Amino acid sequence: VNAITAVIALGVVLTLMQVDMASYHQLEGEMRRALARGDFRLHYQPQVDPSRRILGAEALLRWFNPDHGIIPPAKFITLAEETGLIVPLGDWVLRTACAQLALWAEIPATRDLTISVNVSASQFRQPDFVPRVREILAHTGADPSRLKLELTESLFVRDPDVAAEKMSALRDVGLRWSLDDFGTGYSSLHMLRNLPVDEIKIDKTFVSRMASEEQDRAIVRLLIDMCSTLGLFLVAEGVETEEQYRLLQAWGCDGFQGYLFGKAMPVFQFSRLAEAASAASTN
Ligand code: C2E
Ligand code: MG
Ligand code: MG
Ligand code: MG
């Protein structure tokens, strides 16, 4: 009876795996075609300062699928990493964001804005990551000081020295490094001390629990103080209410991102927002 159960169980597992593998390859093929067809787009989510002035945007990837509508990155980034498609996709994201920076540089209302780009671990680990980014900057003519690259902490568990070298090489070109989702992974103070990091983004889970949980409030305040002591720029993610914004402002947070200021939007809409804000401030 045990042997039969085992065989049945194995059969079920294999069937599930086959289904999985089939849809896996199907999805991979669809993503390749989507990249070639231009079905990926970047949306831009505003980041503001303590006086609600727009500092820049985080570029967030969207897949416009003819059958399934807009597919969010949570549905395809992992697969893109596993299949290696993240490399050409990540290249495309960087090129598109840098080309946008170069366009914005021509317009007074958007000239000073920054763009933050998410870089996945496997993309960053490519041996030619540094020359690739340099090439994209040179090719698009983007000002590197307007570009921020976001990494997550998990990346530094393996080969922190290699990571630090790559980061320094690109920082020498003038771009800045941001640690995304801070506090959710293997955060270590040693890492902060030794990596050429410019900015930290407190994960939205802390921000959303701030109002109800004393502990989360304490962690956020501690991070704000730590960043100001270490000279790091601190951005709070997932700011959704005026109360969260007010508290974070009062404690000395530097940058803010969240639905309170706007969701990720198409570039024309973001540019319009920036132009309206700029016109209002000069009147
Ligand atoms: P992330 O880099 O931490 O980006 C912030 C995510 O939080 C975005 O989700 C954004 O839409 C969402 N968000 C912003 N404000 C709020 C808020 O007030 N409340 C809530 N509930 N959510 C908010 P999104 O666009 O779905 O992206 C999810 C993740 O996918 C990103 O997290 C990032 O890790 C990854 N991702 C997005 N674009 C790219 C990309 O171009 N390359 C790579 N490698 N990863 C990307
Ligand atoms: Mg990010
Ligand atoms: Mg992230
Ligand atoms: Mg994040």
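Trainee: Which residue has an N or O atom in its side chain 3.2 Å from an oxygen atom of ligand 1?
Mentor: Good place to begin! This is a predicted model, where local features need pLDDT of at least 70, side-chain atom pairs count only at pLDDT 80 or more, and totals for chains, interfaces and linings use all residues. Residues are numbered from 1 along each chain as its sequence is written, chains are lettered from A and ligands numbered from 1 in the order in which they are written, and side-chain values use heavy atoms, with hydrogens and water left out. As a polar contact is a pair of N or O atoms within 3.5 Å, the residue to look at is E237.

Trainee: What coordinates the magnesium ion (ligand 4)?
Mentor: Donors are N, O and S atoms within 2.8 Å of the metal (3.2 Å for Na, K and Ca); water is not among the atoms, so sites may look incomplete. At 2.0 to 2.4 Å, the donors come from D180 (OD), D181 (OD), E237 (OE) and E237 (OE).

Trainee: Why does the pair D181 and E237 tie together parts that are apart in sequence?
Mentor: Strands (E, at least two residues) and helices (H or I, at least four) are DSSP runs, numbered from the N terminus. D181 lies in strand β6, whereas E237 is in the loop between β8 (233–236) and α10 (242–251), so the parts they join are separated in sequence by 56 residues.

Trainee: Which residue bridges the magnesium ion (ligand 4) and the magnesium ion (ligand 2)?
Mentor: Happily, you have met this one among the donors of ligand 4. The two ions lie 4.2 Å apart, and the bridging residue is D180.

Definitions and conventions: Polar contact = N/O pair within 3.5 Å; in protein donor to acceptor, adjacent residues only side chain to side chain.
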